[in-house]
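I opened my notebook today to look up a few things in a structure. Here is what I wrote down, entry by entry.

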Amino acid sequence: MAGEPQADCLFCKIVAGEIPATIVRESETTVAFRDINPQAPTHVLVIPKVHHPDAASLVAAEPQIAADMLREAGQVALDEKLAGSGYRIVFNTGAGAGQTVFHAHAHVLGGRGLNWPPG
Ligand code: 5GP
Ligand code: ZN
């Protein structure tokens, strides 16, 4: 069923505490943790606790949780003191755009100059 934990999903396992992660924030509906392969001095992933394959599926099914994810991403940026210098929130969607984990997640990137357009 949509939203149910998936046995083979890495991020569902992080939510369940079955795989360790460096958690920086948690809300009733979301978890934020450091990316294992950081692409910037700050690289945090914000994920919903429920399983949806990507951000568009999440917002279609559970819009309040998508809003929670964005709020938490903004809070991570404040916690990491990125608000002044600027930061980027990224939703890679589909393998062709670099998505490798098919559980919705926002990347929060900052702490260095960020080029536009991204590669
Ligand atoms: P995607 O490529 O799907 O947009 O992002 C998935 C992200 O998850 C990648 O940036 C990758 O480094 C990160 N990642 C993959 N496996 C793990 C893990 O076991 N722990 C953590 N903290 N991050 C992971
Ligand atoms: Zn999942």
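**Sorting the residues.** Before counting, I noted how residues are classed: Ala, Val, Leu, Ile, Met, Phe, Trp, Tyr, Cys and Pro count as nonpolar, Asp, Glu, Lys and Arg count as charged, and the others, Gly among them, count as polar. I also reminded myself that this is a predicted model.

**Around the ligand.** With those classes in hand, I sorted the shell around ligand 1 and found six nonpolar, seven polar and two charged residues. Which residues come nearest to ligand 1? Of the 15 around the ligand, I listed Arg34, Asp35, Gly98, Thr100 and His107.

**Polar contacts.** Next I looked at backbone atoms facing the ligand. A polar backbone atom of Gly98 is 2.7 Å from an oxygen atom of ligand 1. For Ile36, I found a polar backbone atom 3.3 Å from a nitrogen atom of the ligand. Thr100 has a backbone N or O atom that lies 2.7 Å from an oxygen atom of ligand 1. Then I checked how much of the ligand is covered: taken alone, ligand 1 exposes 520 Å², and the protein buries 84% of that.

**The pocket.** Where does ligand 1 sit? I found ligand 1 in the largest pocket. I then asked which elements give two or more residues to the shell, and they are helix H1 (10-16) and strand E2 (30-34).

**Salt bridges.** How many salt bridges does the structure hold? I noted six. One that I looked up joins the side chains of Glu72 and Arg25, with N to O at 2.8 Å. This pair links distant parts of the chain, as Glu72 belongs to helix H3 (residues 63-79) and Arg25 to strand E1 (residues 23-26), 47 residues apart.

**Backbone oddities.** I kept one rule of thumb for this last entry: most residues other than glycine have a negative phi, and most peptide bonds are trans. Is the peptide bond from Trp116 to Pro117 cis or trans? I found that this bond is cis, with omega near -5°. Pro117 is placed in the segment after strand E5 (106-110). My other find was Lys81, a residue other than glycine with a positive phi, near 60°. I located Lys81 in the loop between H3 and strand E4 (87-90).

Key:
Residues are numbered from 1 along each chain as its sequence is written. Chains are lettered from A and ligands numbered from 1 in the order in which they are written. This is a predicted model: local features need pLDDT of at least 70, side-chain atom pairs count only at pLDDT 80 or more; totals for chains, interfaces and linings use all residues. Side-chain values use heavy atoms; hydrogens and water are left out. A residue is near a molecule or strand if one of its heavy atoms lies within 4 Å of it. A polar contact is a pair of N or O atoms within 3.5 Å; within protein, one must be able to donate a hydrogen and the other to accept it, and residues adjacent in sequence count only if both atoms are side-chain atoms. Accessible areas come from the Shrake-Rupley method with a 1.4 Å probe; for residues, only the protein chains shown count as cover. On a 1 Å grid over the protein atoms alone, a cavity is a set of points where a 1.4 Å probe fits but cannot get out, and a pocket is an open set with protein on both sides within 12 Å along at least five of seven lines; lining residues have an atom within 4 Å of a point. A molecule sits in a cavity or pocket if more than half of its atoms lie within 2 Å of its grid points. Helices (H or I, at least four residues) and strands (E, at least two) are DSSP runs, numbered from the N terminus. A salt bridge is a side-chain nitrogen of Lys or Arg within 4 Å of a carboxyl oxygen of Asp or Glu.
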